[in-house]
Amino acid sequence: MCGIVGHIGTGDSADILLEGLKRLEYRGYDSSGIALLNGDSIFVEKAVGKLKNLTDKMAQHTVSGTSGIGHTRWATHGGVTHLNAHPHTSSDNVVVVHNGIIENYRELRETLSAQGYHFVSDTDSEVIGHLVVEKLKTYDKPAALLRAVLEELDGAYALAIITKDFPDCLLVARNASPLAIGVGEDACFVASDAMAMSEQTRRVIYLKDNDYAIIRQEGAEIYDGDHNLVNREEVIVAASPGLVSKGGYRHFMEKEIHEQPDAITHTLAAMTDDAGALTAGLTDEQLQQIKGIVFLAAGTSNYAGQVARYWIERLAGVPVNVEVASEYRYRAPVSSHLTHAIAISQSGESLDTLMAMRYAQEQGLSTIGLVNVDHSTIAREADAILPTRAGPEIGVASTKAFIAQLTALLALAIAIGRANGALSPDEASALHEEMKSLPSMVGKTFSLFDELRPVAHDLARVSSCLFLGRDSLFPIALEGALKLKELSYVHAEGFAAGEMKHGPIALIEDGLPVISLLGSDALAPKVISNLKEAQARGATIILFAAESVADDVDFATHTCRLPDCGEYLMPFITTLPMQILAYLTASEKGTDVDQPRNLAKSVTVE
Ligand code: M6R
């Protein structure tokens, strides 16, 4: 969740680190800081809030350094304060940046305090610096020192350390949190995400869990968890897209909403050939071996899995479970009826999802990573990859990544059905042809930015609202509620419309907005009855309905007509208005649309 960067060698460390942090700000933006080592002096600067605050402070200094480390924080232990911001310094000699959680920090803190170390922050990370100082009393070689420190740490971490004792080195390590080394001409780099180093180098070495390394200007000395010196493969990552710009839009989210037709087109092209046969990840033979699936995912990615459950069970007759990734491995799940675990993750780095996938692997399931980021940890560890091609998603709220996930999952459902005979080739081709109409159909919903503005104006003034849907539109109701709450901080809950009468209907009082999704399918009459029940109790119905059934609800306060389409496309078509409504409501309230409070784009802690 936090992001770390490091540099050693030619070039000005300060500029390089700030540039890297800019690319990592999606990982957290509670505070940031950098430390520079120059000969015998260490310079540290930190700032609470967005990176800009640090950049402004740095503009007032004329410091330079030939090595340094930097950090952008998403607070876990300790509030958002200057003292809790990284880097953390010990004895004016050791500086540390850390991403993850040190689970045994209490014991370590007690021991180190008893040894006379003074703690100034509430963070778990501060123990690391003091531990380094303590171990420096015994160890005079960097690798031995780092090993001794790591032996004391339990938990998840990616960390980088500089010390005056070893001015020609960065000491780095990874366990469960991502970390990559960049190899340049006369310099080396380290970062939580290769994207942070992309201005400097495309040559990247991804560390594996429990690896630690001593990085010098001329290269990296890497050790595995058993302390063997190892050669990790160097890969060439794709050329940097440069710092992604807003391209004239007010927010990245607005831009990313508009990029969804492309996200669908590119994902479909990456997943299938023109006739609809799967070209990514799995052969026909492998598709036939899929007898039961568990989806592992968090947040919006989990809702993509929930939509896909309807599709795969219907189109391929294969049983599907959808698990909240953070719950899965702690409850002894029974997997005997399943053959495959599919981890869905935009970032490919969500720790909950990664750990769930590893657990599934241990249970003997074949694993598939459905990820948007090539070379992410999930992509590297899964047995097979299904790619989404949404492009870099910068807004913290998932938009185009979700649509790309739905695209890949519908293509997968059709492919499994075709391979196992649940669908005839003609039926499969017809569905694939329908999918090809998605980009233009999705594009038509952009006009809703104007239509939904008055609805958003009203929504920005309520404290609570409900989202209802049924069948494959139930997960879209959940997604609509998540988008609204994470962006506008309006309390919102999604329910299966038929479930209302079992309890949630008690929430309805005069004027409560109920955002209702309605497809033109066999369940439409039942959904309409559910909405009528809510309206009869005072709810204000805001309807998003397929054109052909929209007039069947004559009691809605606002009706948004969506293009008629087949039932499998309806989750796509209803997603856009949910995103647009949340975006407009947040804009109306003036919240930080791209970086909502308390959130981070990639969640690499449990
Ligand atoms: O990168 P991932 O897809 O694994 O992320 C999962 C969730 O953290 C993510 O979808 C989150 O819920 C978004 N903020 C939703 O907009």
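**Exercise 1.** In this predicted model, find which residues S347 touches, leaving out those up to four places away in sequence.

*Solution.* Start at S347 and skip its sequence neighbours up to four places away; what S347 touches then is V373, S376 and S602. Now check where you are in the chain: S347 belongs to the loop that runs between β18 (340-345) and α11 (351-362).

**Exercise 2.** Decide whether S347 is buried or exposed.

*Solution.* Look up the relative accessibility of S347, which is 10%. The cut-off for buried is under 20%. So S347 counts as buried.

**Exercise 3.** Work out which polar partners the side chain of S347 has.

*Solution.* Try side chains to begin with: S347 makes a polar contact with the side chain of S345, at 3.4 Å. Then try the backbone: the nitrogen of E349 is 3.1 Å from a polar atom of the S347 side chain.

**Exercise 4.** Let's move to the ligand. Find which of the 14 residues around it come nearest, and look at its polar neighbours.

*Solution.* Our friend S347 is on the list of nearest residues, together with S301, S345, S350 and E486. Next, go through some distances to oxygen atoms of the ligand. For S301, a side-chain N or O atom is 2.6 Å away from one. For Q346, a backbone N or O atom sits at 2.7 Å. For K483, a polar side-chain atom lies at 3.0 Å.

Now see how covered the ligand is: alone it exposes 410 Å², and the protein buries 90% of that. As for its location, the ligand sits in the second largest pocket. The elements giving two or more residues to the shell around it are α9 (299-316) and α18 (474-488).

Conventions. Residues are numbered from 1 along each chain as its sequence is written. This is a predicted model: local features need pLDDT of at least 70, side-chain atom pairs count only at pLDDT 80 or more; totals for chains, interfaces and linings use all residues. Side-chain values use heavy atoms; hydrogens and water are left out. Helices (H or I, at least four residues) and strands (E, at least two) are DSSP runs, numbered from the N terminus. Buried means under 20% relative accessible area, exposed over 50%, partly exposed in between (1.4 Å probe, protein chains only). A polar contact is a pair of N or O atoms within 3.5 Å; within protein, one must be able to donate a hydrogen and the other to accept it, and residues adjacent in sequence count only if both atoms are side-chain atoms. Contact means heavy atoms within 4.5 Å. A residue is near a molecule or strand if one of its heavy atoms lies within 4 Å of it. Accessible areas come from the Shrake-Rupley method with a 1.4 Å probe; for residues, only the protein chains shown count as cover. On a 1 Å grid over the protein atoms alone, a cavity is a set of points where a 1.4 Å probe fits but cannot get out, and a pocket is an open set with protein on both sides within 12 Å along at least five of seven lines; lining residues have an atom within 4 Å of a point. A molecule sits in a cavity or pocket if more than half of its atoms lie within 2 Å of its grid points.
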